[in-house]
Amino acid sequence: MAAVPYQSSADTAERLIAEAMRQGTSHLTTGLDEPPGTFLRIGGRDLLNFGTCGYLALEQDERIQRGAVDAIARFGMQFSVSRSYVASGLNLELEELLGEMYEGHPVLVYSSTSLCHISVLPALLGAGDHAVLDQQVHFSVQTAAQLVRHQGVELAMVRHGDLDALRRRLRRSQASGERVWYLIDGVYSMFGDVAPVEELVRLMEEYPALHLYVDDAHGMSWYGRHGAGYVFERLGRRLGGRVVLVTTLAKGFGTIGGVAVFPTGEAYEKVRINGGPLMYSHPLPPPMLGAAIASARIHLSARIGELQAELAERREYCNGLLAAAGLPVVSDPRTPVYYLGLGEPEVSYAMVRRMLDEGFYVNQSSFPVVPLKKSGLRFTLTRHVGRDHIRALVEALAHHLPRALHETGRTTADVRSAFGRMLPGAGPEPAPEAGAAATRSG
């Protein structure tokens, strides 16, 4: 089914990460004298912040901070007991508010999105099921998927966005009646592209065996009514019976934690009773629950639309500048996650190092988080940055890209060859390359 072949990647990953650290583009540390916002203080310098994921800048909102402080004063720092024994009333209040955001769908909250995946996937998938993973689905999903292999679930990985491979697997399932779970992101964390929701809905109508498991962590808060996220909105704000949605409170929402949204009460109860981390891991502590409750109330108010509109205006401005500059951007212009395709890791090191020297904090992306020859520069937009900051960033990107290519002996033709049809106006994409950390799942 056009599966991406297995490749032992640990040695390659270790070498490339070590090189990124040597070049000063990875594993950096902020100072302690001011909170991250418009600037990040790194190495004694204030860098314009284009690399964090607090898209709506809610992590600095006074109401959310006050919610955390009030919860500490009332309940202390922790509630150290398994939810199988007793759940905090704050936990239940948060789940009720999130349920309102998701039109009454049942919700469970976790201390992290990774624990959410570890809880939900083994509880819902079982012997005879098939799990098909998109090559770029978040690594936390790939890690959790390994647990279901031991339950008799067959795993396969396909090239990023390859719905033809998924369709071939679905055709085989018609005769057997086996369920096929397609594990994807809603907004992909590196390339910044989006799931083809409408096409997947049509496939679900055609193939009753198809179930979707979607991690929409990067789609939450900045998109949709109540900030419920890209996928939930594109689905018409209903999950139907065969879509499980997982998201995070740790990005646009402004706090911390993972969220699972279930299509049915039956699926919810199955995970609530059997979802491992709900029994053996600690719940969110009171200060984080208090902060999340405050954020949920903001999301359920008219204020969320105003915040979304402010970010959308910045995004449209940035998109116009990038298009005018002719930069090799592969991300979807509807998202606040941007990916400048560069190709070989050496180019990404050179480009990100130049941008850091210029005073901009951006992310260097290479194997294992993306395929080896699809390295690039990732940056994000938040409400922390304004038009002047965005214009300065794009001007610096346009200035340094040809110089970084020349420095590493590469050309724009090499970039086009690496990214193929992912680039606007480009020709067909070349054959898929093995080599992302994702290949460890297939």
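**Exercise 1.** List the residues that Tyr 182 touches, not counting residues up to four places away in sequence.

*Solution.* Start with the criterion: contact means heavy atoms within 4.5 Å. Tyr 182 then touches Val 132, Asp 134, Val 158, Gly 161, Asp 162, Leu 163, Leu 166, Leu 200, Leu 210, His 211, Leu 212 and Tyr 213. The model is predicted: local features need pLDDT of at least 70 and side-chain atom pairs count only at pLDDT 80 or more, while totals for chains, interfaces and linings use all residues. Residues are numbered from 1 along each chain as its sequence is written, and side-chain values use heavy atoms, with hydrogens and water left out.

**Exercise 2.** Find how many residues the largest nonpolar core has, and which helix gives the largest share.

*Solution.* A nonpolar core is a set of buried Ala, Val, Leu, Ile, Met, Phe, Trp, Tyr and Cys residues joined through side-chain atoms within 4.5 Å; buried means under 20% relative accessible area (1.4 Å probe, protein chains only). The largest core has 107 residues, and Tyr 182 is among those with the most contacts inside it. Its largest share, 8 residues, comes from helix α14 (residues 387-407); helices are DSSP runs of H or I, at least four residues, numbered from the N terminus. Another core, of 29 residues, lies apart from it and includes Leu 108 and Val 271.

**Exercise 3.** Give the strand order of the open sheet of 3 strands and explain which strands are edges.

*Solution.* Strands are DSSP runs of E, at least two residues, and two pair if DSSP finds at least two bridges between them. The order is β1-β2-β11, with mixed pairing. β1 (39-42) and β11 (360-361) each have a single partner strand, so one side of each is left without a neighbour in the sheet. β1 pairs with β2 (residues 45-49) in the antiparallel sense over 4 bridges.

Technical notes:
Buried < 20%, exposed > 50% of the residue type's maximum accessible area, 1.4 Å probe, protein only.
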